[in-house]
Amino acid sequence: MTQTSYTVQARDGQARLGVIRTPRGEIRTPAFMPVGTAATVKGMMPENVRETGADILLGNTYHLMLRPGAERIARLGGLHRFMNWERPILTDSGGFQVMSLADLRKLTEEGVTFRSHVDGSKHMLSPERSMEIQKLLGSDIVMAFDECPALPADRARIAESMALSMRWAARSREAFGDRPGHMLFGIMQGGLERDLREESAKALVSIGFDGYAVGGLAVGEGQEAMFTCLDYAPGFLPEDKPRYLMGVGKPQDIVGAVARGIDMMDCVLPSRSGRTGQAWTRRGQVNLKNARHADDPRPLDEACSCPCCRSYSRAYLHHVYRTGEMIAGMLLTWHNLHYYQELMQGMRGAIAEGGFADWEAGFQQVFEAGDI
Ligand code: PRF
Ligand code: ZN
């Protein structure tokens, strides 16, 4: 009894409608996972994150191992209890964050040693330690430990890094063991090299995972190059397992990824841009800092049913952002997460009805028309 499953319920072109079942609840796919890096989706109460429609959150091995520490979270009953989110949590494995955030990194076959970006203390991550930390956190979907070069990078560097990530994937699988109710996802690498992507997928499939991530994208290559890769990369992965595109993205990226066969995504964009006065709506990006909103009594989006749009004007949002009030980030984050979840629900509905292409064309037309 594995207690977890993934079922494809409908297909429309390459897009898939499905559900991942775990003991902590169902994840409707295509799914967007809000990011709760430091055991909080910044500016939001967990029950309100749920109200936006989120089935699952993302947490980070790297941040939590440094502060407050994985062993401490385990003693306090695990990450779900610690942060008051009882539904599924996926945790990233830490290597990617070490490479982008930590100081004095040293990469070897064994793993990576680094100094904390918080206090300079020395730490180590390896496939084995990453699996141990994600188990201490109580993560429902554990990510294999990988490494990812920033693009552009030369082919030799990408090939070498991918091969190392595949050896680490095998060690992650071994260290994870058999944990009923929990899933382990492998991470495909290989940059923008088609043959390396295929080789990576074959290596992962022969190890065997509960799901497969497409890693190493949205690292500087641009949307067109990313979509070119997504035109073939998901096709190298098993049909009967979920596919997760890591760290993506803008609404247009998310829609394009789903159209190409991706089932799950995460991104800091809706929460982070909320804290910097940026909103995402059906009609694209809106900058609330802009003086044009100062006298505007209309909501951000009259068609949005979120608490921000139901009760507050653009003029108010502009004012509280300009004065540095906390509620500015809270309201904009709520709206942005609500919008992202509505986008996912819209795609799920369209796939169910076999109307994804029309839905996508309509989405693009309104999005590109711009804010009014
Ligand atoms: N690997 C891991 N986490 C990630 C990535 C990756 O390649 C990316 C790339 N967009 C984001 N987060 N482990
Ligand atoms: Zn809204």
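**Pockets and ligand contacts in the predicted model**

Strand E1 (5-12) and helix H7 (155-176) each contribute at least two residues to the lining of the second largest pocket. The model is a predicted one. About 210 Å³ of space lies in this second largest pocket. Its lining counts 16 residues. Nearest the centre of the second largest pocket are Thr2, Thr4, His182, Met183 and Asp210. By class, the lining divides into six nonpolar, five polar and five charged residues.

The largest pocket holds about 660 Å³ of space. It is lined by 30 residues. Of these, Phe96, Gln97, Asp266, Val268 and Arg272 lie nearest the centre. Two strands and two helices stand out in the lining. Strand E5 (57-60) and strand E14 (264-267) each supply at least two residues of it. Helix H5 (95-101) and helix H11 (269-275) likewise each supply at least two. The largest share, four residues, comes from H5. The lining of the largest pocket comprises 13 nonpolar, eleven polar and six charged residues.

The largest pocket is also the space taken by ligand 1. The residues around the ligand are drawn from several stretches of the sequence. Asp92, Ser93 and Phe96 are among them. Asp146 and Cys148 also belong to the shell, as do Ile187 and Gln189. Gly215, Gly216, Leu217 and Val219 are further members, together with Met246. Phe96 thus appears twice: in the shell of ligand 1, and among the residues nearest the centre of the largest pocket. By class, the shell has six nonpolar, four polar and two charged residues.

Nitrogen atoms of ligand 1 come into polar contact with side chains and with backbone. On the side-chain side, an N or O atom of Asp92 lies 2.6 Å from a nitrogen atom of the ligand. For Asp146, the corresponding distance from a side-chain N or O atom to a ligand nitrogen atom is 2.7 Å. Leu217 takes part through its backbone: one of its backbone N or O atoms is 2.5 Å from a nitrogen atom of ligand 1. Taken alone, ligand 1 exposes 320 Å², and the protein buries 95% of that area.

Technical notes: Residues are numbered from 1 along each chain as its sequence is written. Chains are lettered from A and ligands numbered from 1 in the order in which they are written. This is a predicted model: local features need pLDDT of at least 70, side-chain atom pairs count only at pLDDT 80 or more; totals for chains, interfaces and linings use all residues. Side-chain values use heavy atoms; hydrogens and water are left out. A residue is near a molecule or strand if one of its heavy atoms lies within 4 Å of it. A polar contact is a pair of N or O atoms within 3.5 Å; within protein, one must be able to donate a hydrogen and the other to accept it, and residues adjacent in sequence count only if both atoms are side-chain atoms. Accessible areas come from the Shrake-Rupley method with a 1.4 Å probe; for residues, only the protein chains shown count as cover. On a 1 Å grid over the protein atoms alone, a cavity is a set of points where a 1.4 Å probe fits but cannot get out, and a pocket is an open set with protein on both sides within 12 Å along at least five of seven lines; lining residues have an atom within 4 Å of a point. A molecule sits in a cavity or pocket if more than half of its atoms lie within 2 Å of its grid points. Ala, Val, Leu, Ile, Met, Phe, Trp, Tyr, Cys and Pro count as nonpolar, Asp, Glu, Lys and Arg as charged, and the others, Gly among them, as polar. Grid points are joined across faces, edges and corners, and a volume is the space filled by probe spheres set on the points.
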